[in-house]
Number of protein chains: 2
Amino acid sequence: MRVLKYAILGLLDHGSLSGYDMTSRFKAELGQFWSAKHSQIYPELKKLTDEGFIEYETVIQGSKLEKKMYSITEAGKRELHGWLTEFKPAPDTVKDEFMLKAYFISSMEPDEAKRLFADQLQKRQEKAAFLKTKLEELKREAGESITFRSPHFGHYLVLTRALERENGYCSWLEKALLLMENDQS
Amino acid sequence: MRVLKYAILGLLDHGSLSGYDMTSRFKAELGQFWSAKHSQIYPELKKLTDEGFIEYETVIQGSKLEKKMYSITEAGKRELHGWLTEFKPAPDTVKDEFMLKAYFISSMEPDEAKRLFADQLQKRQEKAAFLKTKLEELKREAGESITFRSPHFGHYLVLTRALERENGYCSWLEKALLLMENDQS
DNA sequence: CTGGACATGTAATGTGTTACATGATTTG
DNA sequence: CAAATCATGTAACACATTACATGTCCAG
């Protein structure tokens, strides 16, 4: 499938970037839904260059430090467009280690299960709060009017989806905890 | 991390299973949150046997067909319990190819983006409908009273979480589509 | 002048999928 | 008796993480 290939092409479609820049992007908002380490990115950049989808120019940073600024080629743009507009089924499995534990809840004692769920709820609430702050920052920056043509629309979509994902997880955890409390007595 | 190891131990904690049985379980409800192919399961079973966490008995099915019925050992139960009760952070990244495309929405034409989102909405709605049916079946089977002590509680947790996940995705897709429509004029 | 960020790579290992390979059993 | 399901395994390849390895630049 080579999704990393398309992630790189997509990032480069808005302007040139170094491998290091891409790593940073995967640590920021995009990282909610895709990420890769530099050890995976650098070989992929070499491969994409060989395939003619990207090209680079070596730039000197300071007096000695070389960095490679990559940009997308016309062939790369066609390749990206083909992937973007392709319909794909919703995945059967989205791996979630916590939910695997939840499935095995009968192998835990009630109080162990409650502690596990309470801990996860706290962590998800913290994450949701963090994402909410990021979304508010973005709204301030973009001036309240985010629509299709806004350069921040992709960023906005990712943040709203991630926030809803965490909020949905939290409300489910709360419901599950309630079921466990009711059973206890 | 070896999550598959714990998935197998968790499955075996309720009774003995063959490798084939485990493959079937990963295709059913548990597959919403974890899965593995038989080509990954069989080597893992061998490894877990060598490590002393599981053991097997060869059973003859029919007149010739040999199958290995695996069961969990005391050491395996301790190992499972340690994993189950261990607190873990919420993951930074949950990979989602569709959301990667959404992030790159500015590289698409408005009508291309709308078609993509509409297609995904339809597929997620179908999946939600399927999960809803499964949940209703489970409720009928379990007699409306699912609490911690119910043998179906793990199954119930997985189905309710998967259903909410899909419903949340759908409502986000609808909101995104509305934003795109409003912008169009 | 030092610590953190910038910058790029490879090696080893772990995880997961697809393909190859074989055979028995059950149901229609 | 044919097709679907049951049943187990290995090989090759693809994808991903951790560790190894090196060096520059900038701000305090």
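**Exercise 1. Which residues is A:Ile105 in contact with, leaving aside its neighbours within four places in sequence?**

Before solving, note the ground rules. This is a predicted model in which local features need pLDDT of at least 70 and side-chain atom pairs count only at pLDDT 80 or more, while totals for chains, interfaces and linings use all residues. Residues are numbered from 1 along each chain as its sequence is written, chains are lettered from A and ligands numbered from 1 in the order in which they are written, and side-chain values use heavy atoms, with hydrogens and water left out.

*Solution.*
- Step 1: find the residue. A:Ile105 sits in the loop between helix H5 (97-103) and helix H6 (110-142) of chain A. Helices (H or I, at least four residues) and strands (E, at least two) are DSSP runs, numbered from the N terminus.
- Step 2: check its exposure. A:Ile105 counts as buried because its relative accessibility is 1%. Buried means under 20% relative accessible area, exposed over 50%, partly exposed in between (1.4 Å probe, protein chains only).
- Step 3: list the partners. Contact means heavy atoms within 4.5 Å. From chain A come A:Ala113, A:Phe117 and A:Met180. From chain B come B:Phe148, B:Phe153, B:Gly154 and B:Leu157.

**Exercise 2. Place A:Asp119 and B:Arg165, and find their partners.**

*Solution.*
- Step 1: take A:Asp119. Helix H6 of chain A holds it. Its relative accessibility is 12%, so A:Asp119 is buried. Leaving aside neighbours within four places in sequence, A:Asp119 touches B:Phe87 and B:Lys88 by the contact criterion.
- Step 2: take B:Arg165. This residue belongs to helix H7 (residues 153-184) of chain B. B:Arg165 is buried because its relative accessible area is 12%.
- Step 3: list the contacts of B:Arg165. Outside four places in sequence, they are A:Val94, A:Arg161, B:Gln32, B:Phe33 and B:Lys127.
- Step 4: look for a polar contact. The side chains of B:Arg165 and B:Gln32 form one, at 3.0 Å. The term means a pair of N or O atoms within 3.5 Å; within protein, one must be able to donate a hydrogen and the other to accept it, and residues adjacent in sequence count only if both atoms are side-chain atoms.

**Exercise 3. Which residues come nearest to DNA strand D?**

*Solution.*
- Step 1: name them. Of 24 residues around the strand, the nearest are A:Ser39, A:Ser63, A:Lys64, B:Tyr20 and B:Lys68. A residue is near a strand if one of its heavy atoms lies within 4 Å of it.
- Step 2: look at phosphate oxygens of DNA strand D. One is 2.8 Å from a polar backbone atom of A:Ser63. A polar side-chain atom of B:Tyr20 lies 2.7 Å from a phosphate oxygen.
- Step 3: find the main contributor. S2(B) gives the largest share of the surface near DNA strand D, four residues.

**Exercise 4. Which element gives the most to the surface near DNA strand C?**

*Solution.*
- Step 1: name the element. S2(A) gives the most, with four residues.
- Step 2: name the closest residues. Of the 24 that surround DNA strand C, they are A:His38, A:Lys68, B:Ser39, B:Ser63 and B:Lys64.
- Step 3: split the strand's atoms. Of those within 4 Å of the protein, 64% belong to sugar or phosphate and the rest to bases.
- Step 4: check single pairs. A polar side-chain atom of A:His38 is 2.8 Å from a base oxygen of DNA strand C. A polar backbone atom of B:Lys64 is 2.7 Å from a phosphate oxygen of that strand.
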